[in-house]
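Reader: Hey, got a minute to go through a model with me? I'd like to start with the holes inside.
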Amino acid sequence: MRPDTGPGPSGGRPRTHAPPPPRVAAATLRRALPPEDRAVFPAELDELYRLRLRARGPARARWWYRRQVAELILRRLWTSARRVTTTTMEWTTDMDALRRDLAYAARRLIRSPGFTFVAVLSLALGIGANTAMFSLVNAVLLRELPVDDVDRLVEVYTGEDDGYPYATSSHPDYLDLRAAAVGGEGPLSNVIGSRTVLARLDRDGEPQVVMGELVSWDYFRELGVPMALGRSFTADEDATPGTHPVVVLAHRTWVNDFGGDPDIVGRTVRVSGRPFTVVGVVDEAWNGTLPVVVTQVYAPLMMTNQFMEGGIDQLSRRGSRSMFLKGRLREGATPEQADAWLASFATGLEERYPETNTGHAMAALSSADVALHPLVDGVLAPVAGGLLAVVGLVLLIACANLASFLLARAEDRRTEIAMRLALGAGRGALVRQLLVETTLLALLGGAAGVLLAHWTLGLVMAFQPPIPVPISVDVGLDTTVLVFTGAVSVVAGVLFGLAPALRATNPDVAPTLKLGDAAARRGRRFDLRRTLVAAQISLSFVLLVGAGLFVRSLQKARAIDPGFDTGPAALVWPMSELSGYETARERADLALRIRGALEADPRIEAVAMADRLPLGAAVQTGAYGLPDVPPSERPSGLHDIDNARVAPGYFEAMGVEVVQGRAFTDDDLEGERLAVVSRAFVDRYYPGEDVTGRRVDRGGGESVRIVGVAADTKVRTLGEAPRPFVYELADEATLGSLEFVVRGEGTGDELLARTLEVVDGIDPDLVFLETKTMDEHLALLLFPPRMAAGLLTVFGGLALLLAAVGIWGVVSHAVARRTREVGIRVSLGASAREVVGLLVGSGMRLVGFGVGVGLLLAVAAVVPLSNYLYGIERLDLVTFAGIPAVLGAVALAAAWFPARRAARVDPMRALRSE
Amino acid sequence: MPKDVLGEFEHQVLLAALRLKDGAYSTSLVLELERVTGRDVAPAAVYIALRRLEEGGFAASELRAPPEGGRERRYFRVTPAGLDLMRESRRRYVALWDGVETILEPGSS
């Protein structure tokens with residue numbers, strides 16, 4: 001040990017050798033002091049510094065000096081801030097106040113583990129639900145694309161000729177637009193394009209259907225998306241159609257399907273049956289142009305026809321619009337200027353290409369304002385808002401719970417707090433200390449909530465919609481989510497801590513000290529607690545009613561007759577164009593061979609083929625010219641009617657009755673184009689007429705002849721009114737791209753296995769867009785109500801649990817506080833049963849009140865739900881009568897268990913208890 | 001609630017100032033408080049407390065050289081208002097202590 005660090009004042013070195021106070025700290029100190037003290041206080045501090053120096057050595061003395069300076073500055077800030085905010089002279093002049101408060105709060109929490117556990121648990125449930133839901137909303141709607149300078153990026157849309165402004169664009173239009181932007185002086189400096197397609201990717205000879213994206217060569221460069229390996233595309237590779245078979249792999253595909261092979265660049269992979277050379281792997285953060293849907297492989301736009309097959313040249317058809325465009329704003333240009341510039345550019349296109357572009361305007365929206373797509377955002381935003389409101393209610397209930405517990409604790413601490421107030425503790429300091437305690441609780445709850453959210457998200461993601469496209473919602477807990485959770489925790493801490501803290505420190509000290517706890521027992525304090533519990537019950541009631549309505553609606557939806565046979569069936573959709581069947585003729589032959597093989601199987605009874613099934617995810621319409629019917633609003637005068645292409649045998653296998661005329665037969669395949677229309681079609685356009693034999697116009701001089709009328713089926717949703725529908729007979733060009741619906745013996749799963757076996761016997765290399773059972777197909781339709789019912793049931797149950805804990809707490813606290821009263825009652829002859837009844841009754845009055853208020857709230861809250869409910873009124877009697885019964889039963893149990901304890905009170909002991 | 005309630009630390013500073021009579025300035029107050037309470041006392045805390053007390057009119061200060069000579073120091077004394085405040089605090093303490101010793105058993109806070 002160095003001699004000068006030795007303890008004790010006996011050092012006695014001459015002053016001149018003493019090291020001076022730290023220079024920077026001393027200078028800072030002088031600057032921090034008011035002018036009149038600059039000469040004096042530093043000298044006085046020096047004096048103490050020298051004393052320390054002698055006692056503890058230079059290292060510790062210098063450290064001490066620095067700390068004093070820091071403290072002085074912080075204290076001056078603190079007191080001047082307080083001078084502004086408070087008029088009372090509460091001078092907590094201890095710098096360690098916050099740390100002390102924290103330590104004190106921690107000790108108190110550790111000392112009552114039961115309370116802490118329940119508090120942290122309820123908060124964790126509330127905060128966890130909020131974090132989970134917010135993560136979802138964040139992932140889908142809020143997270144920005146990981147691109148450079150998103151504020152200078154705009155989404156470019158071509159409008160439909162029916163007036164909808166935000167649709168996709170065609171490749172020739174894109175090339176013109178890019179040339180105009182790059183070569184001109186307009187607000188856009190560049191326009192990049194992409195097109196998403198389903199492609200087939202072979203991995204070790206194992207084919208799979210993947211999401212592919214065809215992008216302009218400068219796509220990644222303009223967005224600033226880096227490559228994890230290799231390079232992105234060059235201008236050469238996107239200059240001439242079909243000449244550069246190169247791909248960039250998604251990071252996830254590289255890792256999952258190619259084992260993260262470090263030598264992947266330069267390797268050949270087979271995409272849609274052709275060899276492509278891998279030139280790069282895109283950065284891990286990039287999931288593709290469309291959020292949620294994961295792109296697995298990228299190729300230059302010029303390879304579009306090699307990716308898609310199907311015989312249509314997507315690159316040269318100006319009327320074939322399926323590209324997403326993004327524009328880069330020049331420095332200083334605004335999205336509004338881009339929008340105006342695009343509008344005039346589109347007018348130019350209309351003049352040059354009236355055939356394809358009449359009525360197709362162009363528009364731009366700032367990319368920062370578009371999450372998925374303007375149309376989808378419009379649908380999702382209110383749903384997201386509703387879900388956040390629901391979990392917000394759960395958190396509110398958890399906070400009410402905690403506030404109620406803390407009120408009880410505050411009552412128990414009244415003597416202590418009154419004492420401290422009387423001893424001169426400032427009310428502000430006490431409130432702060434209590435708030436520190438609740439905030440600490442809330443932060444603990446928040447931490448536990450994050451863990452719980454992780455678990456809840458797994459639960460929510462289990463509701464994966466049954467669609468054939470790989471989906472990724474990156475619900476990771478990123479900074480935004482954690483900041484959100486932290487903020488929610490602190491707000492919750494203050495929210496549930498403030499009222500109890502203010503009450504507990506109510507400076508009405510004298511009665512408490514004089515009368516003891518008895519004074520605290522009556523009056524408003526207890527009412528506030530009971531009000532909180534009643535509020536909890538009201539809020540849980542609202543949530544439970546919501547859950548009940550969706551559960552009932554789901555039951556009803558299952559009972560709606562969709563107009564076709566929903567019994568067991570297998571649905572398989574082969575993608576023969578991705579499986580090496582190059583011409584339409586080959587594909588049509590394959591489809592007929594598969595159908596033949598299926599029908600030859602003794603366990604298979606019927607096979608339907610169609611490019612669209614009722615109640616599927618896709619909406620498909622055709623434009624029809626209807627003779628003798630007034631033209632539609634569209635410039636062309638054609639009518640948009642839902643349609644499908646079907647093969648002969650469709651109506652029989654789907655169980656849809658043909659009520660007039662006839663269905664299709666195999667002989668029809670070679671002749672003129674035929675159609676069967678739905679009864680709603682007749683009722684809408686040709687009421688009372690026999691439409692068989694009529695021709696309807698299909699544009700381009702073609703027409704189809706109606707041969708029959710089929711019974712109505714539900715087309716898009718279960719709740720819809722009968723919808724006009726046209727079944728067109730598939731021709732050679734379309735026959736090869738239809739989905740098979742296979743009926744027969746056994747369950748859907750058995751049928752599916754059987755079907756795949758048969759198809760495998762014909763071509764084992766065939767890839768499928770989807771293979772599923774009829775039940776799975778219908779599940780998609782019920783996905784939104786099922787998800788709503790599931791989530792609301794979980795959250796409603798959670799709320800009920802929290803409310804039950806609240807009731808339990810109030811009653812058991814009442815039992816503890818009223819021990820003396822119970823003792824008196826028992827000693828005066830009240831039976832245990834009467835005492836329990838008294839306590840339960842007081843608890844149940846709260847429940848009655850809460851349910852009453854909840855009923856009113858629920859009636860108001862369910863108004864926006866009516867659009868989402870099937871077959872029940874929003875004031876469904878079963879729900880509105882059943883939920884109070886459930887809630888009442890749970891509440892009764894929650895009150896009865898603690899009340900029972902009162903019956904065991906020993907009157908003598910109880911009377912002595914104070 | 002009375003506006004002028006004395007915080008615990010201010011109370012201690014005023015008491016120490018009274019004990020030190022004419023010799024109360026920040027260094028001597030720090031040393032006196034440390035000696036009596038047996039704890040480390042931050043000069044910054046004392047400095048701030050003194051300034052606040054002075055602002056509230058409970059203490060007054062003057063700059064003068066110490067009797068033994070040397071640099072000027074800021075000496076503090078307790079004003080009549082400060083004395084009133086201390087009397088009031090003392091009265092409350094005594095009233096409160098009356099009959100509540102049992103609550104303050106060792107181990108409870």
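Author: Sure. The second largest cavity has a volume of about 90 Å³. A cavity here is a set of points on a 1 Å grid over the protein atoms alone where a 1.4 Å probe fits but cannot get out, and lining residues have an atom within 4 Å of a point. Grid points are joined across faces, edges and corners, and the volume is the space filled by probe spheres set on the points.

Author: Before we go on, this is a predicted model, where local features need pLDDT of at least 70, side-chain atom pairs count only at pLDDT 80 or more, and totals for chains, interfaces and linings use all residues. Residues are numbered from 1 along each chain as its sequence is written, chains are lettered from A and ligands numbered from 1 in the order in which they are written, and side-chain values use heavy atoms, with hydrogens and water left out.

Reader: OK, which residues line the second largest cavity?
Author: From chain A you get A:Asp37, A:Val40, A:Phe41 and A:Glu44, and from chain B there are B:Ser26, B:Tyr47, B:Leu50, B:Arg51, B:Glu54, B:Arg74 and B:Phe76.

Reader: Which element gives the largest share of that lining?
Author: Helix 3 of chain B, with four residues. Helix 3 (43–55) and strand 2 (73–78) of chain B and helix 2 (41–56) of chain A each supply at least two. Helices (H or I, at least four residues) and strands (E, at least two) are DSSP runs, numbered from the N terminus.

Reader: And how many of the lining residues are charged?
Author: Five are charged, five nonpolar and one polar. Ala, Val, Leu, Ile, Met, Phe, Trp, Tyr, Cys and Pro count as nonpolar, Asp, Glu, Lys and Arg as charged, and the others, Gly among them, as polar.

Reader: How big is the largest cavity, then?
Author: About 100 Å³. Its lining includes A:Leu406, A:Arg409, A:Glu437 and A:Pro500. Helix 15 of chain A gives the most, four residues, and the lining divides into seven nonpolar, two polar and three charged.

Reader: How many cavities of 30 Å³ or more are there in the whole structure?
Author: The search finds nine.

Reader: Switching to helix 2 of chain B. How far does it reach?
Author: With twelve residues, helix 2 of chain B reaches 16 Å from first C-alpha to last, close to the 16 Å expected at 1.5 Å a residue. The expected span is 1.5 Å times one less than the number of residues. Just after this helix, B:Gly38 takes a positive phi of about 70°.

Reader: Is B:Glu32 in there buried or exposed?
Author: Buried, because its relative accessibility is 10%. Buried means under 20% relative accessible area, exposed over 50%, and partly exposed in between (1.4 Å probe, protein chains only).

Reader: What does B:Glu32 touch?
Author: Leaving out residues up to four places away in sequence, B:Glu32 touches B:Ala16, B:Arg19 and B:Leu20. Contact means heavy atoms within 4.5 Å. Other buried residues of helix 2 of chain B include B:Leu29, B:Val30 and B:Leu33.

Reader: Last one. Which residue in the loop between strand 14 and strand 15 of chain A should I look at?
Author: A:Asp628 sits there. Its phi is near 65°, a positive value in a residue other than glycine. Most residues other than glycine have a negative phi. A:Asp628 counts as exposed, because its relative accessibility is 65%.

Conventions
On a 1 Å grid over the protein atoms alone, a cavity is a set of points where a 1.4 Å probe fits but cannot get out, and a pocket is an open set with protein on both sides within 12 Å along at least five of seven lines; lining residues have an atom within 4 Å of a point.
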